[in-house]
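Here are a few exercises to work through with the model open in your viewer. Try each task before you read its solution.

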Amino acid sequence: MKPLISLIGLLLGAVCLTLVLCTGALAAGDDWKPVDPAELALKAPVVEKDADAEALSWEVRVDDGDVGELVLTHYLRVKVFTERGRESQSKVDLPFGKLFGSNIKIKDIAARTIKPDGTIVELKKEDVFERDVIKASGVKMKAKSFAMPSVEPGSIIEYRWREVRVNQSANYVRLQFQRDIPVQSVKYYLKPYPFPGLSMRARMFHGTLPPIVKEKNGFYSATLTNLAAYHQEPHMPPEDEVRTWMLVYYTAEDKIVPDKFWKDYGKTIYEANKSRLKVNDEIRQAATTAVGDATTPEEKLERLFNFVRSKVKNVNDDASGMSLEERAKIKENKSPSDTLKRGMGDGGDIDLLFAALATAAGFDARMALVSDRSDIFFDPGFANRYFISSYNIAVKVGDSWRFYDPGLMYVPFGMLRWQEEGQDVLLADSKEPVWVKTPVSAPGKSAIKRTGKLNLSEDGTLEGDVRIEYTGHLAADRKEENDEESVEQREQRLLAEVKAQMSTAEVSQVRIENVTDPVKPLVYSYHVRVPGYAQRTGKRLFLRPAFFEYGVGPLFSTSDRRNLVYFHYPWTETDAVEINLPAGFSLDNADSPAPIGAGKLSQYMPKILITEDQRTLIYKRNFTFGTEDVIVFSTQVYPALKEYFDLMNKADNHTITLKQGAATAANSPSN
């Protein structure tokens, strides 16, 4: 996936757009608004009768005053009704870092609590700190955090802050309307820049477009009232596929026909990048050398894929080791030949070199414009380039198109980022751009293989060596998380992961291999000791053989579901655990849990074996989930899906019994 940064100027021109707050709204440095006695006296929520807290008002100023910076100034007032509301709303996290496609900074935080008797308690500046937070979706981010002072049921809390989005202009702005609590009123203030030929437009997602009200002095406002709370759930679609929000953008056209728009856009992309796909004698010679004696199309393409990865350093990849200053000095590659000669370029340069080499080798290679389903589920009916601003390379093999992204370091040959699989893509062409769909990789392409060789002591302690291998999307995601970290940071991340699952685990001899290798599996290996893993009762030990699932709870904990269930990609898990039993103990009850199946969608096959000498227990577990067509499930099938994973979790917690022999029991320290 490569952003089409070079096309912004071509398509929009040098547009400077300004959004500013009208004079009636408060800025970050202004005084607090007066407290309405009726709000302080409010005893019950208005929007949702069972809500523990409710936002009375949320006002946002949008300002694009500085080049490359978009500033949103927020003012939020919340009424707390219950103890649960006090607990949930007293702690505030304001996310920052790499979000919304830009670098977010949080500034000028101010907060206060108005107690039921009207007493006001201000937040102290020194009580604001930074911390890591993990959302329900599993996404980890940094946040400016603080605890609201002296909150109790009946209190009003309010806080304001500036959200500075660096490297984001106001050409496209997302305005959110939902929070994790109900909201009585959300109001945005903005003013479009009067650029000749362009008009401001707004499109609503997952809600009804509010009236755009013309205010004084050329300002506009948009207000929504009585919004229900937004609820996060495990394995749900991306937030902007669920939340109510509005996209503000600018266009010169009043009526746009999608088919014509996309055809014209595909032609424009082709023409804009024609020189960057140019094939000359140097490219032809390189293609011939790279292909060598390969005969099948797949072999040829794989050799070209590996050739560009090995010959060209991706200067923008975290693993390149290059500083920002070093990257800034690199000359722009204007053709595939430049990329080949210099041996360095960004991901886009590498992808386009691959396309040129494939063309030279006799293939039909195109730029494939693609969206990101970790952001939103793309709809071609919205004729705008905003959601399809990246590309991969499509190569025709026989009657079908194959898709490649050699510029992305950790994505294997024949796969794309999971965010770009299963997506409608537009193939750029000078005459007939067409829509095709990228495939979703099969479950076996993204696998986790776990092995453990362990010894069980008669006191229930389990100790031994563990090895875990990740491939495909599972490996790529983890490599991206790890490649910027030091060896110590990687080990601490792994340790925290193990401890979160088994709190008493003692981990040593950690090795993490192939973090920056584009081909090899990511490998974790370590020595582990878990006191009390098996429960000792008299002469018996109660043991859970599924070591890697120990401490893992049900995937879905609630009986009801509000949102679609959304898995990022299909995957496979394979476990092989050997447990040497303590001397004097033998199997008393070691039946295997029953396998579970859901047709082509999923298979779960556990098995418990014992060696001939009765000294070593062998546990095997094979689990596959998802197909190339099914990774999203409706709320109607949620009960069946939950039941399936509950059955699997019950089987993962299957316990067997070991019985101590009479002679050994007499000599045991516990007797």
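**Exercise 1.** Find out which elements cover the buried residues of helix α10.

*Solution.* Keep in mind that you're looking at a predicted model.
- Step 1: Pick out α10, which runs over residues 472-482. Eight of its 11 residues are buried, so call it mostly covered, taking buried as under 20% relative accessible area.
- Step 2: List the buried ones: Gly472, His473, Leu474, Ala475, Ala476, Arg478, Lys479 and Asn482.
- Step 3: Look at what packs on them. The cover includes the strands β23 (447-456), β24 (462-470), β26 (522-530) and β30 (571-580), along with helix α11 (487-501).

**Exercise 2.** Work out the strand order of the open four-stranded sheet that contains β36, and say which strands sit at its edges.

*Solution.*
- Step 1: Walk across the sheet, and you'll read β27-β28-β36-β31, with antiparallel pairing.
- Step 2: Check who pairs on one side only. That's β27 (535-537) and β31 (585-589), the edge strands.
- Step 3: Follow the twist, which averages 30° from one strand to the next.
- Step 4: Zoom in on β28 (residues 540-543) and β36 (residues 656-660), an antiparallel pair held over four bridges. Start from Leu543, and its bridge partner in β36 turns out to be Ile656.

A reminder on what joins such strands: they pair through backbone hydrogen bonds, either parallel or antiparallel.

**Exercise 3.** Why does the ring pair Phe205 and Trp245 count as stacked?

*Solution.*
- Step 1: Take the distance and the angle. The ring centres are 4.3 Å apart and the planes lie at 5°; planes under 30 degrees apart count as stacked, so this pair qualifies.
- Step 2: Place the two residues on the chain. Phe205 belongs to strand β12 (residues 199-205) and Trp245 to strand β15 (residues 245-251), so to speak distant parts of the chain, 40 residues apart.
- Step 3: Check exposure: Phe205 and Trp245 are both buried.
- Step 4: Look for a charge on the ring. Arg203 lies over the face of Phe205, 5.4 Å from the ring centre.

**Exercise 4.** Is the pair Phe567 and Trp571 stacked or tilted?

*Solution.*
- Step 1: The centres are 5.7 Å apart with 40° between the planes, and that makes the pair tilted.
- Step 2: Both residues, Phe567 and Trp571, are buried.
- Step 3: Widen the view. Ring pairs link these two into a cluster whose members include Phe556, Tyr604, Phe623 and Phe645. Over the whole structure, a search finds 44 aromatic pairs.

How values were computed: Residues numbered from 1 in each chain as written. Predicted model: local features only at pLDDT ≥ 70, side-chain atom pairs only at ≥ 80, totals over all residues. Heavy atoms only, no water. Pairing = 2+ DSSP bridges. Helix = DSSP H or I, 4+ residues; strand = E, 2+ residues; numbered from the N terminus. Axes fitted to C-alpha atoms, helices over the stretch in contact; angles between N-to-C directions. Buried < 20%, exposed > 50% of the residue type's maximum accessible area, 1.4 Å probe, protein only. Contact = heavy atoms within 4.5 Å. Phe/Tyr/Trp six-rings, centres within 6.5 Å; stacked < 30°, edge-to-face > 60°. Lys NZ or Arg CZ within 6 Å of the ring centre and 35° of its normal.
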